[in-house]
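Reader: Can you walk me through this one? I'd like to start with the contacts and then move on to the rings.

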Protein chains: 2
Amino acid sequence: MDQCRVVFQPQNKTVTVNRGTTLLEAAHAADITINNICGGDGICGRCKMIVKNGNINAKVSGKLTREEIQKSYVLACMAYILSDLEVEIPEETLATEKVVADTEAERFRVFQKRLAEREGFTSSPLVTKIYLELEKPTLENNTSDHQRVSDEVKKKLKYRSMQMGLKILRTLPQILRESNYRVTATVGLRRDIAEIMNIEGGNFENKNYMVVVDMGTTTIVAHLVDANTTDTLDAKACFNSGGIYGREVTGRMIMAEKKGVEELQRLLVEDINKLIEGLAKDNNISLKNITAVVCAGNTAMGHFLLGLPTDYIRRSPYVPTSTAPPPLRAAEVGIKICPRGLLYSLPGISGWVGSDITAGILATGMSEAEELSLLIDIGTNGEIIIGNKDWLISCSASAGPALEGASVECGMRAERGAIEKVYREGDEIKYVTIGDKPPRGLCGSGIIDLVAVLLDAGIINRSGLFVSDSSHRIAEENGIRRFILAERESSNGKEPIYITESDIENIITAKAAIFAATKILLERLELKFSDIMHFYIAGAFGNYIDVENAVAIGLIPPIPRERIKFVGNTSIEGAKMVAFYKEAFYKIEHIRENCTYYDLMGANDFVEEFQKALFLPHTDIELFRRGPAWLRA
Amino acid sequence: MDQCRVVFQPQNKTVTVNRGTTLLEAAHAADITINNICGGDGICGRCKMIVKNGNINAKVSGKLTREEIQKSYVLACMAYILSDLEVEIPEETLATEKVVADTEAERFRVFQKRLAEREGFTSSPLVTKIYLELEKPTLENNTSDHQRVSDEVKKKLKYRSMQMGLKILRTLPQILRESNYRVTATVGLRRDIAEIMNIEGGNFENKNYMVVVDMGTTTIVAHLVDANTTDTLDAKACFNSGGIYGREVTGRMIMAEKKGVEELQRLLVEDINKLIEGLAKDNNISLKNITAVVCAGNTAMGHFLLGLPTDYIRRSPYVPTSTAPPPLRAAEVGIKICPRGLLYSLPGISGWVGSDITAGILATGMSEAEELSLLIDIGTNGEIIIGNKDWLISCSASAGPALEGASVECGMRAERGAIEKVYREGDEIKYVTIGDKPPRGLCGSGIIDLVAVLLDAGIINRSGLFVSDSSHRIAEENGIRRFILAERESSNGKEPIYITESDIENIITAKAAIFAATKILLERLELKFSDIMHFYIAGAFGNYIDVENAVAIGLIPPIPRERIKFVGNTSIEGAKMVAFYKEAFYKIEHIRENCTYYDLMGANDFVEEFQKALFLPHTDIELFRRGPAWLRA
Ligand code: FES
Ligand code: FES
């Protein structure tokens, strides 16, 4: 195969790639991070580059202005390399900050503590550091060094069964004697056996940190936690680099099948390592004191993490390789924490309902309650779970990432500068940004608000199309109509923050998939919405979603508002509970075993219901006005 | 440090070693196996070599005749290399066969089956191969591949907790589909968790072999067993190569402390690998179908096997690194069986009472009995255990290897051609060899018989010295008197098989140490010999020891003969029980936890009793004639 050399400026980085590779892949190979939130589908228009020299085969795109085309701009994801190239990457194309700190880690701490209290858990992290003052051996008490340490740990931690690896055993006699029998044992739980992972001379009990990770299809979020205090110290997030192989996991699974899962594993582990590194550095914590990583995510992401084949997840009958992989050494997959540190992949339910959902069930406590609850996790893949302490049923709907802020041109994650709230004051449409910063884009809650507000103001109709002359803020560019909400600063001066009809279509599709799945699942169970006493909405939003707006666009039904609760990122919350409380570790396994999966995909009633929901709020608007029969008690 | 090149003939092998190295070490470095049964102490006289060229510093030795000295013979273990050398190794110095097959494996099989029946065990080997015909996934039953396999194994094997490593998980989807869901799972027990170690397409249930190893200080014995039928298929033994660093383990522990334990580990693992290889080859069994190795031995050997430091075993208060190491991958220490095959090191009791003894306790069943039993394991380190189902007490006595056939000039292991029985017929002293082969030397039982016969015939006195003119078979050579029992063929024509006064002294020392330890242990427990209902004698003898002769030389007291039982190599027997029955795996752990160790070494009463026992049969001969007070009920 022909090889082409590509030189990127201003980085002055050169890579050699096969002819026919996209420019986006080449940039990735050169370790240049691009703001490609659509996953290389040519939709987001974020991957613009300028070809200075050489030949490419570029697809035509409405995302480029005539001016840009004249200046040799291309969409990197749609440009196939034909020869050696010299390429310039404009500043706005570069991911300004791949890793962004979540400034609101504080709020998670409170949330999490409350949950633990509810469950009556007592602190017992998956990995514990425990200081031991051992009796010195005498002729009367000359058991082995191994036994001396194990007995004391057993006494303090009450583990039934305990093991110690050869590496630790080999150094044990020296460490004990050099430290005068004052040592810190690091003890990790590996399913039913506790492992003494490390022995250090001295007291390091208070240096026990973990990283809890939510591996979202679009965004990876990592929280740094103190295992002793259960405090969340910091949080960071980044786009999932696997996105270059597809916005949704299906594309990535196809890629994994073609080229092996190793590449996707490498990208994911790199992302996680970067987040961990950043968290450790910013908080002055040594990697060797990070004893465990606890990961939750959808089943495909879980497979990528461990390098497990995903080939059969995406084909009927949708069989994953494993939904409950064993705890491993983090180093076994390349995650860099303390050398013998553990990686816990939380258990999931099926190929389409992953450990992010079992974590969510755990975090809401719905599997412990007498009353019926319903949990909707709004993400690229929307999952719905109904149940109580006696039974749990789950299903999933391929919603797409619109409600997460992706596949919307001006979408972004819920981070500083994101518009998280949109409202009307008289005739004016106003907004609020996260951290009160200058606006940079729209996050999920802002998007829902904006659609609801536009609908309410008569600027869009029930199909999501702009009503002509309804607002002076509707502008047309390259034949595409957009509603302009705000201006943002960019290197080229001011640029508008807007929403297009195709953005709105993506949002309607997402909410329709979720609503239809919820409705069908209830119908199959012969339940009414009114039977649901707790209606939990989870997802990577800002602080909250406006309930009335969510009802107005038909994302959720108009049930009594006090039953609705926004629970945020329950994936990470559940994962934290597992990290801190070994009772939760066993409980989540129990949830996994007891939750049934209903496959709705392709079911006739689902397709029908989905089509009915492709309106704002629904084909049958009366359902949302008066409250339909299936809503009433 | 100066380097010297040593060329060995007729092998034509060259090694470069440091100046000051012994010739024996150099030969070892050249991978030439020498018949050095005294461990390089200059005692056995077996390591003769001829220095053709170059300088050595050789210690004077009575083991060399004047003729030999004139011909430049040296004892390789006592010859330090000073310059480049050319050395010839005479044929008789070479270990003719390092690995010798035990032709009597058959007898072990019967023995072992009986034990299992007594215990009421049902077949459940530590590693099981189980054939699974799995249901194919459907939309109604689309659990993960991992779960599908685990559930079926759990159903069939009733393990509570089960794990599967990443490597197996990664290949699982492909193997299941290629084999049409007909696979064989290899399931190993790792303490409290069962591990699915391997999945193969097809049915290989009946190919499950294990090797059970007794790591004796002097001799390593390995049995090849079929895990399904519990048959012993073959057995092999070899000298313990660690012997070049000392006949007893103390010397080897000193070496391990000086140069690191790795060298001793390497030698031991090499010995075990050679035995396994030979067993596999001779029986047409592929190494990949050997799923586990189960090892028993004294605590120092157990440490060498795993590369654990032995530094503190030999110093008060005699603390081992571990007496209960976890099951490991055999590959982790370099043992070559199936790639993910397991190594089980059985648990021991203390630094001086190893897993050979816990295996012995298990094999005799004494820890299950109401009545009191006493077990003496006669080896380089003699161990004594007293107890019943309620309690167990152990102690050890440094007996030396005389009763194993080492440190006796014509001593040898109990293998073909060994004189295993000596008796008087009228005035004639006759013998029987193992396998009725031409005599090659004396094994332990033959040595005991010979000493007893010589004492009875008045040829030696109670101190073990020859009585002048008592027999025409006493001959003197180089000032050393020897009793000639037989002739053996050698490359130099006929050579005598004999016993010397110094051989007899070694035997007396050994039996005195064991007898004294037994007596003191009983006294400390305020017990009489007559309280002991079962008196087990274990050791690497031939078929049996003659009880009357053992009493005659004072090795065992004259208790009712029906209470005495020779139980052979109980180390290997117990290890087999563990290999075949997981109940035994848990039982031996229970024995370890419940057996107390008494340290007699250096105790005043022990030293006194030891000195009294340095006569045949004892200082107080009346004790053995009439039966002493402490013997009577
Ligand atoms: S348009 Fe290229 S990555 Fe989105
Ligand atoms: S005399 Fe040299 S090894 Fe025994």
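Reader: How many residue pairs are in polar contact between chain A and chain B?

Author: The count is 16 residue pairs, both at pLDDT 80 or more. Keep in mind that this is a predicted model.

Reader: And how many salt bridges between chain A and chain B?

Author: Zero between those two chains.

Reader: What area do chain A and chain B bury between them?

Author: About 3,600 Å². Of that, 58% is on carbon and sulfur atoms.

Reader: How many residues are in contact?

Author: 44 residues of chain A touch 44 residues of chain B.

Reader: Switching to symmetry. What turn and shift lay chain A on chain B?

Author: A turn of 180°, with a shift of 0.0 Å along the axis. The RMSD is 0.1 Å. The two copies are therefore related as by a two-fold rotation axis. The same surface serves both: 100% of the contact residues of chain A recur in chain B.

Reader: Rings now. How many aromatic pairs over all chains?

Author: There are 12 aromatic pairs over all chains. Take B:Phe580 and B:Tyr581: their ring centres are 6.2 Å apart and their planes are at 80°, so this pair is edge-to-face.

Reader: Are B:Phe580 and B:Tyr581 buried or exposed?

Author: Both B:Phe580 and B:Tyr581 are buried.

Reader: Which residues form an aromatic cluster with A:Tyr344?

Author: A:Phe585 and A:Tyr586 join A:Tyr344 in one cluster.

Reader: What about charges over rings? Where does the charged end of A:Arg177 sit?

Author: Over the ring of B:Tyr312, 3.7 Å from its centre. So that one runs from chain A to chain B.

Reader: And what does A:Arg482 lie over?

Author: The face of A:Tyr498. A:Arg482 is at 3.8 Å from that ring centre.

Methods. Residues numbered from 1 in each chain as written. Chains lettered and ligands numbered in written order. Predicted model: local features only at pLDDT ≥ 70, side-chain atom pairs only at ≥ 80, totals over all residues. Heavy atoms only, no water. Phe/Tyr/Trp six-rings, centres within 6.5 Å; stacked < 30°, edge-to-face > 60°. Buried < 20%, exposed > 50% of the residue type's maximum accessible area, 1.4 Å probe, protein only. Lys NZ or Arg CZ within 6 Å of the ring centre and 35° of its normal. Least-squares fit on C-alpha atoms with pLDDT ≥ 70 in both. Contact = heavy atoms within 4.5 Å. Buried area = accessible area lost by both parts, 1.4 Å probe. Salt bridge = Lys/Arg side-chain N within 4 Å of Asp/Glu carboxyl O. Polar contact = N/O pair within 3.5 Å; in protein donor to acceptor, adjacent residues only side chain to side chain.
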